[in-house]
Amino acid sequence: MDFSLDREQEEFQQAIRRFVADAAPMSGLRDMVITDLGYDAALWTRMSRELGVAGLLVPEVYGGAEATVVEAVVAMEELGRAVVPCPLFSTVALGVVPILAGASDEQKAALLPAIADGTRTATTAMKDGPPGDHAIDVMRAKADGDAVTLTGTKVQVVNGHSADTLLVLALPPGGFDEPTWYLVAGDAAGLRRERVDTFDLARPMATLTFDAVSAIPLGGGGEPEVDSGRVLNVAKVLLAAEMVGGTHGALDMSLAYARLRHQFGRPIGSFQAIKHRCAEAATELDSARALTLYAAHLATQSSVDLATVAPMALATAASAFDFMASWNIQIHGGIGFTWEHDAHLFYRRAKADRVLLGSVGDQWLEVADRIGI
């Protein structure tokens with residue numbers, strides 16, 4: 001299997017890279033994250049309409065590009081390379097993917113066109129409170145005549161404070177043991193949304209409190225309709241791609257500084273302590289990118305092997321990103337240890353992404369279970 005990008009995918013990659021360099025340089029990131037949304041809404045609209053990133057996986061009939069997970073991986077990597085604050089991961093990985101997997105035709109027609117043109121954002125609320133509990137427990141929906149309501153708390157919801165559409169994972173009424181997905185409007189009565197401070201400046205999260213909030217089953221039925229395992233695995237592939245991009249960005253930053261900074265009459269990049277760390281990071285980057293692209297191809301082909309490869313890709317990318325983000329600070333020396341330096345944007349993103357969809361250890365345990373170890 002050839003994992004290299006074809007000509008159109010490479011052109012798409014370069015188009016995003018040029019756009020980011022012109023419209024979303026890292027120098028403006030801190031101004032974006034202090035807004036109420038945590039990102040620049042006008043920039044997101046431009047990205048959606050000029051680059052088509054929000055509608056990459058959306059079918060053409062709903063105004064999208066009907067691309068594959070490979071193209072989505074390309075977009076995630078390029079935006080991760082510059083730590084661009086935007087709701088791409090939440091809207092595409094946590095929004096479009098489950099909608100495509102289980103929504104009715106009527107629900108798709110109501111949601112996907114606005115998502116594709118950048119006027120609607122979405123996210124998934126999976127994890128119940130309290131915030132210190134690492135288990136993914138699931139609230140249970142209640143039937144109220146023909147209506148369904150949700151009561152409880154969801155924590156660590158990516159862009160949950162601002163998303164227009166929420167997909168909430170909950171157990172259906174009637175004693176079903178498998179969770180299903182419910183659609184909830186972001187401005188629904190009885191829903192309280194609170195943005196919380198997080199380590200990653202560029203990825204807002206929220207705590208959502210539901211008090212008999214009206215919900216609609218995804219797909220319209222009462223029983224589970226969505227393959228939650230596949231949805232989560234595709235999200236892992238896209239998060240891995242973002243971390244591959246972050247690794248690339250941190251490595252580029254280190255190499256640029258190692259060429260510029262001189263000590264003892266020569267560039268510090270000529271010293272073995274620096275040279276070897278950068279070479280090791282480049283090797284880990286190549287491995288993580290190859291595995292992520294492999295997983296993307298498996299997702300595109302709906303292969304059962306995705307369940308094994310997706311956590312492998314996520315764990316490998318997380319380790320590579322954590323390694324390079326940490327060494328990026330070390331290579332920059334004293335200036336790298338100041339919170340104001342951009343090296344910390346990569347460091348914070350690496351630490352947060354490492355546990356966003358489960359720890360690295362959790363991913364390898366999942367792989368071990370899949371292969372029977």
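Reader: How much space lies in the second largest pocket?
Author: About 300 Å³. Keep in mind that this is a predicted model.

Reader: Which residues are closest to the centre of that pocket?
Author: Of the 17 residues in the lining of the second largest pocket, L57, V69, V97, L100 and R230 are the closest to its centre.

Reader: And which helices supply at least two residues of the lining?
Author: For the second largest pocket, α5 (88–102), α7 (228–260) and α8 (272–300) each do that.

Reader: How do the residues of that lining divide into nonpolar, polar and charged?
Author: The lining of the second largest pocket has 11 nonpolar residues, three polar and three charged.

Reader: OK, closed space now. How many cavities of 30 Å³ or more does a search of the whole structure find?
Author: One. The largest cavity has a volume of about 120 Å³.

Reader: What lies nearest the centre of the largest cavity?
Author: V84, C86, F89, R203 and E242 do, out of 16 lining residues. Two elements, α4 (69–81) and α5, give two or more residues each to the lining of the largest cavity. By type, that lining splits into 10 nonpolar, three polar and three charged residues.

Reader: C86 caught my eye. Is that one buried or exposed?
Author: C86 is at 15% relative accessibility, and the cut-off for buried is under 20%, so C86 counts as buried. C278 is buried too, at 7%.

Reader: How many disulfides turn up in the whole structure?
Author: Zero.

Reader: Switching to helices. How many residues has α9, and how far does it reach?
Author: Helix α9 covers residues 306–331, which is 26 residues, and spans 36 Å from its first C-alpha to its last. That is close to the 38 Å expected at 1.5 Å a residue.

Reader: Why call α9 largely enclosed by the rest of the structure?
Author: Because 20 of its 26 residues are buried.

Reader: What does G333 do just after α9?
Author: G333 takes a positive phi there, about 65°.

Reader: Glycine, fair enough. What about Q156, what's its phi?
Author: Near 55°, so to speak a positive value in a residue other than glycine. Q156 sits in strand β5 (residues 147–158) and is partly exposed, with a relative accessible area of 43%.

Reader: And F264, where does that lie?
Author: F264 is in the loop between β10 (262–263) and β11 (266–267). Its phi is positive as well, about 55°, although F264 is not a glycine. With a relative accessible area of 74%, F264 is exposed.

Reader: Domains next. Where does UniProt place the N-terminal one?
Author: The UniProt record, an unreviewed entry, puts "domain: Acyl-CoA dehydrogenase/oxidase N-terminal" at residues 7–118. Over that stretch the chain is 65% helix and 0% strand, and the end C-alpha atoms are 26 Å apart.

Reader: And where's the C-terminal one?
Author: UniProt, again in an unreviewed entry, has "domain: Acyl-CoA dehydrogenase/oxidase C-terminal" at residues 231–371. Residues 231–371 are 82% helix and 3% strand, with the end C-alpha atoms 20 Å apart.

Reader: Last one: where is L357 found, and is L357 buried or exposed?
Author: L357 is in the loop between α11 (343–356) and α12 (360–371). L357 is buried, with a relative accessible area of 12%.

Reader: How far is L357 from W44?
Author: They are 313 residues apart in sequence and 24 Å apart in space, C-alpha to C-alpha.

Terms used. Residues numbered from 1 in each chain as written. Predicted model: local features only at pLDDT ≥ 70, side-chain atom pairs only at ≥ 80, totals over all residues. Heavy atoms only, no water. Helix = DSSP H or I, 4+ residues; strand = E, 2+ residues; numbered from the N terminus. Expected span 1.5 Å × (residues − 1). Buried < 20%, exposed > 50% of the residue type's maximum accessible area, 1.4 Å probe, protein only. 1 Å grid on protein atoms, 1.4 Å probe; cavity = no way out; pocket = protein on both sides within 12 Å on 5 of 7 lines; lining within 4 Å. Points joined across faces, edges and corners; volume = space filled by probe spheres on them. Nonpolar A, V, L, I, M, F, W, Y, C, P; charged D, E, K, R; others polar. UniProt positions renumbered as here; feature names shortened; annotations may be inferred. Disulfide = S-S within 2.5 Å.
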